[in-house]
Amino acid sequence: MTDILARDLDAADPLARFRDRFVIEDELIYLDGNSLGRLPLSTRERLHRAIGEWGTDLIRGWDRWITLSREVGDVLATGVLDATPGEVVLSDSTSVNLYKLAAAACAARPGRRVIVTDDDNFPTDRYILQGLVEARGMELRVLKTDIDLGVSAEAVREALDPDVALVSLSHVAYRSGAVADLPAITAAAHQAGALALWDLSHSAGAVRVPLRSAGADLAVGCTYKHLNGGPGAPAFLYVRADLQAELRQPIWGWFGQRDQFDMGVEYDPVESIDRFQVGTPPVLGAYAALEGARLTAEAGIDAVAAKGAALGAYAIELCDTWLAPYGVVVASPRADARRGAHVTLRHPRAWQLSQALRAAGVIPDFRTPDRLRLGFGALYTRFVDVYAGLARLRDILTADSHLAFPERHARVT
């Protein structure tokens, strides 16, 4: 198998021009965009300007900085998430936003004492929910999930009863990339009288997220993976418009206050999405998130999702041809509609393989217990990158050069 097909696919790629809009200054094959996206050139330029504004405008800069959270939220809503302006806002971290919305949802369902999640949900989500149920005297009902296939709508339906206040799941599984049936699970939660809260961290900017068409209630997500917002970029939250006045999040900060600068004595939350903000927005991080979101919106989420699916399908084809004889198994769903923008491979020495790949100029990602994750950024990953990365993995396996690296014992972040 040669790279001719890969070069032909790149030549026909309608998103190929976006690669030139990122900082790419070496020959590194970067297959970890689902952990941290690349730096857009516009972000570097915008942050330099923002620093200049800080130096010259000082406090006067807040005349435009103060609305950044809503500005980013509206770009995400209309260009990435199938929501409407005023339903998304940039705020805090994904973990903090999950806590805020989960607590608000439970308070809106008094008398119900159960939250449903699954055992392969991202760890911070499970920890946040564990803490919430302990503090409120509730129960966390944890579904057993196949770590390759992801959570199913049938399993969620079976877990629902009149005691359930909230269903909280990830749309795209962080480990395998399996896509949950967001519309069906949301509908099942509603039929049981519960609310649904979705973590979009591995889907925002990678796949279609049918919030509006599914009647989704709540969602959170990060901007530093497929949205290329930078290390530790602020997260976002979504609350359906008709729920905003009903829900009252537990962290009462001044950026959620009506007539904020009147400095009132009592907390009186505004009725818009702003009531889910807390404190002063991180201006530099917000500008970075804004530039990343604009790039995705310009490319179009349909085109981004199609490119991500095609990259994944090509990676699976190469794995079947080259890597299966060495005991490498595709651990992600094979159907494009069931898979996000990363492909996970299973091998008993996945950790050593990940280290050998790094030494060979390829950046993948490792996930326990024995998974090698390959993440594709549709705006900058080429088919020739997938070809070259997997060719190097094949060469490593052929030569057993990964055995020169120690087995995993230390903590991996």
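**View 1. Contacts of His-202 in the predicted model.** Beyond its neighbours within four places in sequence, His-202 is in contact with Asn-34, Val-172, Tyr-174, Lys-225, His-226, His-342 and Arg-373. The model shown is predicted. His-202 sits in the loop between strand E6 (195-199) and helix H9 (211-214). Its relative accessibility is 5%, under the 20% limit, so His-202 counts as buried. Gln-277 follows 75 residues along the chain from His-202, and the two C-alpha atoms are 22 Å apart.

**View 2. The largest nonpolar core, with Leu-200.** This core has 49 residues. Those with the most contacts inside it are Leu-76, Leu-81, Val-167, Ile-185, Trp-198, Leu-200 and Phe-236. Helix H10 (residues 283-299) gives the most to this core, with six residues. Leaving aside neighbours within four places in sequence, Leu-200 is in contact with Leu-81, His-171, Val-209, Leu-211, Ala-219, Val-220, Gly-221 and Phe-236. Another core, of 34 residues, lies apart from the largest one. Its members include Val-384, Val-386, Leu-393 and Leu-397. In soluble globular proteins, nonpolar side chains tend to be buried together.

**View 3. The salt bridge between Lys-307 and Asp-13.** The closest N and O atoms of this pair are 2.8 Å apart. The pair links distant parts of the chain, 294 residues apart. Lys-307 belongs to helix H11 (residues 301-323). Asp-13 lies in the loop between helix H1 (4-11) and strand E1 (29-30). Lys-307 is buried, at a relative accessible area of 6%. Asp-13 is also buried, at 12%.

**View 4. The salt bridge between Arg-208 and Asp-302.** Here the closest N and O atoms are 3.0 Å apart. Arg-208 is in the loop between E6 and H9 and Asp-302 is in helix H11, so the pair ties together parts 94 residues apart in sequence. Arg-208 is partly exposed, with 48% relative accessibility. Asp-302 is partly exposed too, with 46%.

**View 5. The salt bridge between Arg-349 and Glu-407.** The closest N and O atoms are 3.5 Å apart. Arg-349 lies in the loop between strand E10 (342-346) and helix H12 (350-359), and Glu-407 in the segment after helix H13 (383-399), so the pair ties together parts 58 residues apart in sequence. Arg-349 is partly exposed at 30% relative accessibility. Glu-407, at 47%, is partly exposed as well.

**View 6. A salt-bridge network.** Arg-46, Glu-53, Asp-57 and Arg-64 are joined into one network by salt bridges that share partners. A search of the whole structure finds 35 salt bridges.

Methods
Residues numbered from 1 in each chain as written. Predicted model: local features only at pLDDT ≥ 70, side-chain atom pairs only at ≥ 80, totals over all residues. Heavy atoms only, no water. Helix = DSSP H or I, 4+ residues; strand = E, 2+ residues; numbered from the N terminus. Buried < 20%, exposed > 50% of the residue type's maximum accessible area, 1.4 Å probe, protein only. Contact = heavy atoms within 4.5 Å. Core = buried A, V, L, I, M, F, W, Y, C linked by side-chain atoms within 4.5 Å. Salt bridge = Lys/Arg side-chain N within 4 Å of Asp/Glu carboxyl O.
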